[in-house]
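User: I'd like to talk through this structure with you, one question at a time. Could you walk me through the reasoning behind each answer?

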Amino acid sequence: MKDPFMEALGLKVLHLAPGEAVVAGEVRAEHLNLHGTAHGGFLYALADSAFALASNARGPAVALSCRMDYFRPLSVGARVEARAVEVNLSRRTATYRVEVVSEGKLVALFTGTVFRLGGEDVPAGVGNPSQGEA
């Protein structure tokens with residue numbers, strides 16, 4: 001799956017499966033804000049890419065809402081990963097938690113909900129993974 005925006009930012013897909021994805025990148029000079037740290041938009045794009053991949057791995061989906069909280073700054077050269085995991089899945093919507101991590105530390109937290117365009121039934125054994133439903 002080719003994504004020109006991800007390519008422009010230098011992002012790479014490390015893992016992709018239905019309901020989960022890991023996307024990695026490195027903070028470059030062009031990703032900095034006026035404070036000399038990683039721009040929030042770069043980190044958001046990283047997290048949003050993992051969110052989009054994880055949700056669309058189940059079939060076509062579009063974002064309904066997203067939220068991002070930032071916890072720590074990153075400098076040029078920092079390697080960073082966005083790890084998306086599905087926390088709720090229904091016939092019409094799904095919600096994902098994306099942890100943005102660098103050197104084992106949580107940098108930011110993204111949560112997003114999608115509308116599932118196909119509206120297929122939830123596969124057997126899948127539901128709310130955070131509650132261990134079957």
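User: Which residue meets glutamate 26 in a salt bridge?

Analyst: Happy to start there, with the note that this is a predicted model. Glutamate 26 lies in strand β2 and its partner in strand β4, so the pair ties together parts that are 53 residues apart in sequence. Glutamate 26 is partly exposed at 32% relative accessible area, while the partner counts as exposed at 62%. The side chains meet at 3.3 Å, N to O, and the partner is arginine 79.

User: How many salt bridges does a search of the whole structure find?

Analyst: Side chains of opposite charge can pair when their charged atoms come close. One of the pairs found here is glutamate 26 with arginine 79, and another is arginine 83 with glutamate 81, at 2.9 Å from N to O. Arginine 83 is partly exposed at 38%, and glutamate 81 is partly exposed too, at 23%. The search of the whole structure gives a total of 6.

User: Is glutamate 86, the salt-bridge partner of arginine 58, buried or exposed?

Analyst: The closest N and O atoms of arginine 58 and glutamate 86 are 2.8 Å apart. Arginine 58 lies in the loop between α2 and β3 and glutamate 86 in strand β4, so the pair ties together parts that are 28 residues apart in sequence. Arginine 58 is partly exposed, with a relative accessible area of 21%. Buried means under 20%, and glutamate 86 has 5% relative accessibility, so it counts as buried.

User: In what order do the strands stand in the sheet?

Analyst: Good one to picture with the model open! From the N terminus on, the elements run α-β-β-α-β-β-β-β, which comes to 2 helices and 6 strands. The 6 strands form an open sheet with antiparallel pairing, and their order is β1-β2-β4-β5-β6-β3.

User: Which strands stand at the edges of that sheet?

Analyst: An edge strand here has a single partner strand, so one side of it is left without a neighbour in the sheet. From one strand to the next, the twist averages 15 degrees. The strands at the edges are β1 (12–17) and β3 (61–70).

User: Which residue takes a positive phi in the hairpin of β1 and β2?

Analyst: β1 and β2 pair in the antiparallel sense over 5 bridges, and alanine 17 has glutamate 20 in β2 as its bridge partner. The hairpin has 2 residues between the strands. The phi in question is near 85 degrees, and the residue is glycine 19.

User: How many bridges join β2 to β4?

Analyst: β2 is mostly covered, with 5 of its 7 residues buried. On the β4 side, glutamate 20 stands opposite valine 85. β2 and β4 run antiparallel, and the number of bridges joining them is 7.

User: What is the bridge partner of alanine 84 in β5?

Analyst: Strand β4 spans residues 79–89 and strand β5 spans residues 93–102. These two strands run antiparallel and are joined by 8 bridges. For alanine 84, the bridge partner in β5 is valine 98.

User: Where does glutamate 103 lie?

Analyst: Glutamate 103 has a phi near 50 degrees, a positive value in a residue other than glycine. Exposed means over 50% relative accessible area, and glutamate 103 reaches 76%, so it counts as exposed. Its place is the loop between β5 and β6.

User: Which side chain does threonine 113 join through a polar contact of 2.9 Å?

Analyst: Threonine 113 is in strand β6 and is buried, with a relative accessible area of 18%. Not counting residues up to four places away in sequence, threonine 113 touches several residues, among them Phe51, Val62, Leu64 and Ala94. The polar contact at 2.9 Å is with the side chain of threonine 95.

User: At what angle does helix α2 run to β3?

Analyst: Helix α2 covers residues 40–56. The helix lies across β1, β2, β3, β4, β5 and β6. Relative to β3, it runs at about 140 degrees.

User: What share of the residues of the protein counts as buried?

Analyst: The accessible surface of the protein comes to about 7200 Å², and 53% of that belongs to carbon and sulfur atoms. Among contacts with a separation of 6 or more, residues 24 or more positions apart account for 63%. Of the 134 residues, the share that counts as buried is 39%.

Conventions. Residues are numbered from 1 along each chain as its sequence is written. This is a predicted model: local features need pLDDT of at least 70, side-chain atom pairs count only at pLDDT 80 or more; totals for chains, interfaces and linings use all residues. Side-chain values use heavy atoms; hydrogens and water are left out. Two strands pair if DSSP finds at least two bridges between them. Helices (H or I, at least four residues) and strands (E, at least two) are DSSP runs, numbered from the N terminus. Axes are lines fitted to C-alpha atoms, for helices over the stretch in contact, and angles run from 0 to 180 degrees between N-to-C directions. Contact means heavy atoms within 4.5 Å. Buried means under 20% relative accessible area, exposed over 50%, partly exposed in between (1.4 Å probe, protein chains only). A polar contact is a pair of N or O atoms within 3.5 Å; within protein, one must be able to donate a hydrogen and the other to accept it, and residues adjacent in sequence count only if both atoms are side-chain atoms. A salt bridge is a side-chain nitrogen of Lys or Arg within 4 Å of a carboxyl oxygen of Asp or Glu. Accessible areas come from the Shrake-Rupley method with a 1.4 Å probe; for residues, only the protein chains shown count as cover.
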